[in-house]
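Open the model in your viewer and keep the selection box handy. We will go chain by chain, picking out a few residues at each stop.

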Amino acid sequence: MRSTHWDGRLLAGMVITGLIVVVAASEPWLAPFWSGAAGPTAVGIFASWSHPQWAHPLGTNQFGQDILALTLLGLRNSLVVGLQAGILGTFIGICVGFTSGYFGGTVVDEALRTVTDAWLVIPSFPLIAVLAAFVRNLSVTELAIILGIFSWAGAARAIRAQVLMLRSMAYVDMARLSGAGHIAVIGQELLPNMYPYLGVGLASSIMGAIGSLVGLSIIGLGQNAFSLGTLIQYGLSEGVLSIGFSQIIVVPVLILIALFVGLNLINVGLDVQFNPRLKGSKSRG
Amino acid sequence: MSGALLETRSLSRVFWQRRLGRPVQVRAVSDVNLTLGSSGGEVLSVVGESGSGKSTLARLILGLDRPSAGNVFYRGEDVARFVGAKRRQFRREVQAVFQDPYAIFNPFYTVDRVLAQPLRRFHLASSLHEAQQRMEDSLRAVDLRPRDVLGRYPHQLSGGERQRVMLARLHLLRPQLVIADEPVSMIDAALRTMFLNILLDFRDAGMSCLFITHNLETSYYLGGNALVLYQGRVVERAPIDRILHAPKHPYTQMLVSSIPVPDPKKRWKTSLPESAIESGETVGSAGCPFLVRCPYAMEVCRRQDPPMMSVGDGQEAACFLLADRGGVRGSMAPMCKAEESG
Amino acid sequence: MERRGAVPHAPQESQLADSVPNTALRAARIVRRRRVLMVVVRRLGGYVLSIWAAFTVTFIFFHLIPGSPIDAYAQQMENQFGQQVPLSSQVIAFWNKEFGLNGNVFEQYYRYLTNTLLRGNMGPSFIAFPEPASELIFHALPWTVGLFGSAVLISWIMGLVAGLLLAWFKDTVVAPTLTTLALAGAQIPYYLAALGLVFLFAFILLWLPQQGAYAASLTPHFDFRFIGSVLKHSILPGCSLVITSFLGWAISTRALVVSIMGEDFLLYAEAKGLRTGTILRHYVLRNAMLPQITGLGISLGFAVNGAYLVSYIFNYPGIGLLLVNALTQLDYNVLEGIVLISIVTVLTANLLLDLCLPLVDPRIE
Ligand SMILES: Nc1ncnc2c1ncn2[C@@H]1O[C@H](COP(=O)(O)OP(=O)(O)O)[C@@H](O)[C@H]1O
Ligand SMILES: [Mg+2]
């Protein structure tokens with residue numbers, strides 16, 4: 001099963017996503033190059049609306065903030081919130097999906113599946129937006145929690161299907177004959193074979209969370225998390241496209257597109273690389 | 001029956017399946033009674049074509065699945081009620097060999113796991129060194145070289161090697177009872193004999209065996225009693241030579257006649273003459289399950305499910321053809337008692 | 001052992017053979033009709049049940065979130081007069097009654113269910129008090145459904161064709177590359193595509209209008225100029241949806257077609273000497289269509305709530321823009337109405353699919 005051949009799409013996705021993550025993670029050291037010691041959000045340090053130049057590669061905005069430093073900050077925050085929400089969503093998805101799949105066909109499974117299906121039908125964006133609008137001063141962590149709670153259902157459904165398939169494997173019976181209980185079977189027999197799918201679940205949860213977070217910021221909600229969407233929202237409200245400062249919108253949009261492409265390539269690549277059918281036929285030979 | 005090692009009473013398992021979008025009931029195991037005596041070293045074969053419910057029966061006995069009705073008793077106690085230490089002891093004493101020697105290995109781990117895990121969980125070795133020693137001994141006992149096996153991943157072994165690792169597991173755990181579900185149907189002929197010989201050695205050492213097969217020859221090789229399963233029901237039970245040489249149920253006769261004969265002049269017979277019932281005719285649930293395939297079907301077979309009827313010599317079959325010989329006895333007395341096979 | 005032959009009963013049956021089929025067939029037909037009716041009734045029951053569950057959950061949700069229309073009103077007053085205005089008890093009672101907040105929770109719940117479910121009445125709007133919230137929503141709905149419904153249809157058709165081509169040419173160099181590109185881009189959110197298009201067309205190329213549903217100088221009339229303006233204004237928002245969702249359809253169609261082309265009956269058809277076009281049309285497309293039709297139904301159900309932000313970015317007077325406006329003014333009833341209408345469309349689309357698929361799919365009874 002441990003094939004040494006890596007799927008090209010998986011590699012490409014990891015490289016793209018990895019680059020973005022590295023840049024975002026080094027924001028605390030990178031940003032001061034352009035924003036100075038006061039930090040990216042300090043107001044009035046530089047001249048307003050200066051066009052791109054050596055000291056400010058993307059120029060400055062109305063408040064004299066360095067746009068590059070702001071973009072880096074927005075990227076970092078978007079990723080942090082996305083990761084927190086994605087981990088929470090995947091965790092809930094794992095719990096629900098595993099329980100549902102392991103007890104497949106029972107009342108427990110029936111109930112959990114109904115909840116999952118309902119969750120998939122619920123229009124999540126308006127609900128998240130309503131929460132963000134009514135709960136004033138939503139902290140970044142609270143926002144991440146809300147986004148996570150709304151992004152588990154897809155992962156749960158995928159994991160359930162996978163567990164249902166794995167559960168009927170003879171090695172699960174073998175483990176039970178060796179004296180393993182439910183917890184040991186789930187943890188030692190099923191979970192290790194699920195790692196790639198957990199990766200898929202995590203990547204899609206993160207994509208969902210970042211998509212919603214940026215969307216919220218674009219309509220001016222969740223202001224405590226300064227995300228790439230916040231920059232876009234600022235750009236749209238200032239009409240920067242028509243005054244020659246389109247980089248305020250275009251750069252965040254490009255970064256986000258690259259991020260979504262990278263994460264989705266990882267998803268597709270993991271699926272191809274660890275597809276049980278392909279895997280089985282390869283290793284039996 | 002308190003002396004029995006294993007006993008099932010009216011064991012049934014019903015599955016719900018979807019056919020054409022509608023749920024239908026499948027009686028995978030239906031009202032099965034069998035007994036394996038407690039004297040040790042006994043073999044009982046379960047013979048049936050694929051889909052007759054053999055694997056389901058094995059899983060029910062092993063406690064991997066719950067019966068819809070009826071009970072499994074191990075040493076007189078209901079398996080479904082085992083908890084805690086009792087359950088652990090049952091797990092330790094009753095083991096299995098399954099059909100597919102690949103699927104039983106978790107691809108994530110090396111093959112050692114199927115040996116090391118029970119040692120650890122059943123506290124069978126006091127030290128890592130002892131555990132290693134015992135694993136190697138057991139592998140040698142089934143003609144495997146430890147260094148060819150230990151530390152390898154399942155896909156690096158051949159099918160025969162993988163199945164012998166399962167035998168090594170039996171050697172290691174020395175269960176009182178092993179449920180073997182078509183253990184040799186997926187390995188080639190030379191290994192098959194070797195596998196069966198090792199199993200016979202274990203039997204001589206006192207291990208009882210419920211041997212499940214679709215192949216009458218392998219069960220003949222092992223000896224003992226046999227029961228024939230058709231659509232989840234026991235249709236005939238007898239010592240295996242009686243099954244082979246004087247089958248009483250039409251289905252058993254069909255199975256026996258389809259055994260390939262090593263005679264070039266004789267054609268291999270695959271089936272009996274056409275059934276007397278027109279194909280496609282639906283049969284009510286009341287009648288004999290074999291009705292549609294039976295060449296001797298009678299009017300009574302449509303109305304009534306034939307009960308077990310004894311024909312003497314420890315043989316009985318569920319067929320109305322026997323009604324006027326032994327008389328309808330309707331006896332459910334298990335025929336595979338320890339005293340008879342001893 | 002003595003063996004007995006079968007009891008001869010076959011002749012009797014053949015005598016009956018002439019008269020049996022007619023009655024048997026009729027009986028079978030009645031049974032089938034009754035069974036179909038049962039299925040329909042069960043599906044409808046499930047639909048009603050899920051609608052009720054969704055409405056209840058929505059009720060609970062809107063009751064649990066902090067703040068109330070009264071707070072929102074006070075906030076509005078404060079914004080208007082620049083200072084906190086103490087609300088008199090009459091004012092509070094008035095607003096409570098207007099928004100159905102008088103009485104205990106069960107009374108409120110009962111009133112909510114009867115009003116929303118039976119009368120389609122979601123209470124007054126806040127943005128445009130006292131206009132009913134449902135009025136605002138039903139004004140916005142046609143724009144959203146028209147624009148995004150046709151966008152979903154167009155992307156579906158394009159995706160079907162593209163997927164077929166990608167599958168047919170899968171052994172060339174180009175197709176796999178294109179497939180990978182499509183895979184990479186399929187999950188990009190609509191609003192990013194929308195922003196990209198705004199930038200490209202409205203500011204670099206200056207071809208297409210990027211605000212509103214029709215030119216501001218026009219009033220809605222059924223004439224060519226107005227329709228032309230509507231179409232022109234719908235191009236950018238429509239495209240931002242089509243671009244990414246078309247990739248998704250292309251990928252799924254390709255996967256379906258590739259798996260169908262691997263099946264035996266195609267080899268057989270080829271061996272029979274059928275022409276490529278015939279094989280494609282009669283065998284491949286027919287088999288690939290069914291899952292894709294199901295997918296189309298589901299997507300159409302999501303048309304109302306798929307692209308709020310696109311509507312906002314293009315200032316398009318659909319549900320999305322209404323949502324954003326309602327959010328900024330904390331307009332309870334409109335928000336609740338939007339959530340409810342989104343759920344209802346998804347569930348209704350599912351119901352219609354369940355009921356209609358058997359007509360198309362020979363495999364389902
Ligand atoms: N988990 C299950 N769910 C539904 N039906 C099952 C299940 N397991 C077995 N069956 C059905 O029970 C019948 C007997 O199966 P099985 O015990 O595997 O037969 P055998 O081992 O003799 O080939 C078959 O018709 C099979 O379809
Ligand atoms: Mg089997």
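How many salt bridges does the structure hold over all chains? Over all chains there are 22 salt bridges. Keep in mind on this tour that the model is predicted.

**Stop 1: salt bridges in chain B**

Side chains of opposite charge can pair when their charged atoms come close. Three pairs in chain B are worth selecting.

Start with B:Glu7 and B:Arg9, whose side chains meet in a salt bridge with an N to O distance of 3.1 Å. Colour the two partners by accessibility and they part ways: B:Glu7 has a relative accessible area of 6%, under the 20% cut-off, so B:Glu7 is buried. B:Arg9, at 40% relative accessibility, counts as partly exposed.

Next, select B:Lys54 and B:Glu182. Their side chains form a salt bridge at 3.6 Å, N to O. Which parts of chain B does this pair tie together? B:Lys54 belongs to helix α1 (residues 54–61) of chain B, while B:Glu182 sits in the loop between β7 (177–181) and α7 (189–204) of chain B, so the pair links parts that are 128 residues apart in sequence. B:Lys54 and B:Glu182 are both buried.

Now move to B:Arg140 and B:Asp137, where the side chains meet in a salt bridge of 3.5 Å, N to O. Both residues are in helix α4 (residues 128–141) of chain B; because they are 3 residues apart there, about one helical turn separates them. Are these partners buried or partly exposed? B:Arg140 is partly exposed at 44% relative accessibility, and B:Asp137 is partly exposed too, with a relative accessible area of 38%. Add B:Glu136 to the selection: salt bridges with shared partners join B:Glu136, B:Asp137 and B:Arg140 into one network.

**Stop 2: chain A**

Show chain A by itself as a cartoon. What secondary structure does chain A have? You should find 14 helices and 0 strands, and reading along the sequence gives the pattern α-α-α-α-α-α-α-α-α-α-α-α-α-α. Taken along the principal axes, the C-alpha atoms of chain A fill a box of roughly 75 × 45 × 30 Å. Of the 285 residues in chain A, 53% are buried.

Select helix α5 of chain A, residues 107–121. What span should its 15 residues have at 1.5 Å a residue? The expected span is 21 Å, and the end C-alpha atoms are 21 Å apart, which agrees. The count to multiply by 1.5 Å is one less than the number of residues.

Stay with α5(A) and show the side chains of its buried residues: A:Asp109, A:Thr116 and A:Val121. Turn the view to look down the axis of α5(A); these buried residues fall within an arc of 135°, so they line one face of the helix.

Then go to A:Met207 in helix α11 (residues 195–218) of chain A. A:Met207 is buried, since its relative accessibility is 7%. Draw a C-alpha to C-alpha distance from A:Met207 to A:Phe260: you should get 6.6 Å, although the two are 53 residues apart in sequence.

**Stop 3: chain C**

Switch to chain C. Here too the cartoon shows helices, 14 of them, and 0 strands. The pattern along the sequence of chain C is α-α-α-α-α-α-α-α-α-α-α-α-α-α. Among the 365 residues of chain C, 41% count as buried.

Select C:Thr114, found in helix α5 (residues 105–119) of chain C. C:Thr114 is buried because its relative accessible area is 15%, under the 20% cut-off. Which backbone oxygens does the side chain of C:Thr114 reach? One is the backbone oxygen of C:Tyr110, at 2.9 Å. Another is the backbone oxygen of C:Arg111, also at 2.9 Å.

For the last selection, turn on the surface and pick C:Ile157, C:Val161, C:Leu165, C:Trp168 and C:Phe169. Together they form a nonpolar surface patch with about 460 Å² of accessible area. Where in chain C is C:Phe169? C:Phe169 lies in the loop between α6 (133–168) and α7 (174–185) of chain C. With 42% relative accessibility, C:Phe169 counts as partly exposed.

Conventions: Residues numbered from 1 in each chain as written. Chains lettered and ligands numbered in written order. Predicted model: local features only at pLDDT ≥ 70, side-chain atom pairs only at ≥ 80, totals over all residues. Heavy atoms only, no water. Patch = residues over 30% accessible without salt bridge, like charges linked within 9 Å, V, L, I, M, F, W, Y side chains within 5 Å. Areas by Shrake-Rupley, 256 points an atom, 1.4 Å probe, with all protein chains shown as cover. Salt bridge = Lys/Arg side-chain N within 4 Å of Asp/Glu carboxyl O. Helix = DSSP H or I, 4+ residues; strand = E, 2+ residues; numbered from the N terminus. Buried < 20%, exposed > 50% of the residue type's maximum accessible area, 1.4 Å probe, protein only. Arc of directions from axis to C-beta. Polar contact = N/O pair within 3.5 Å; in protein donor to acceptor, adjacent residues only side chain to side chain.
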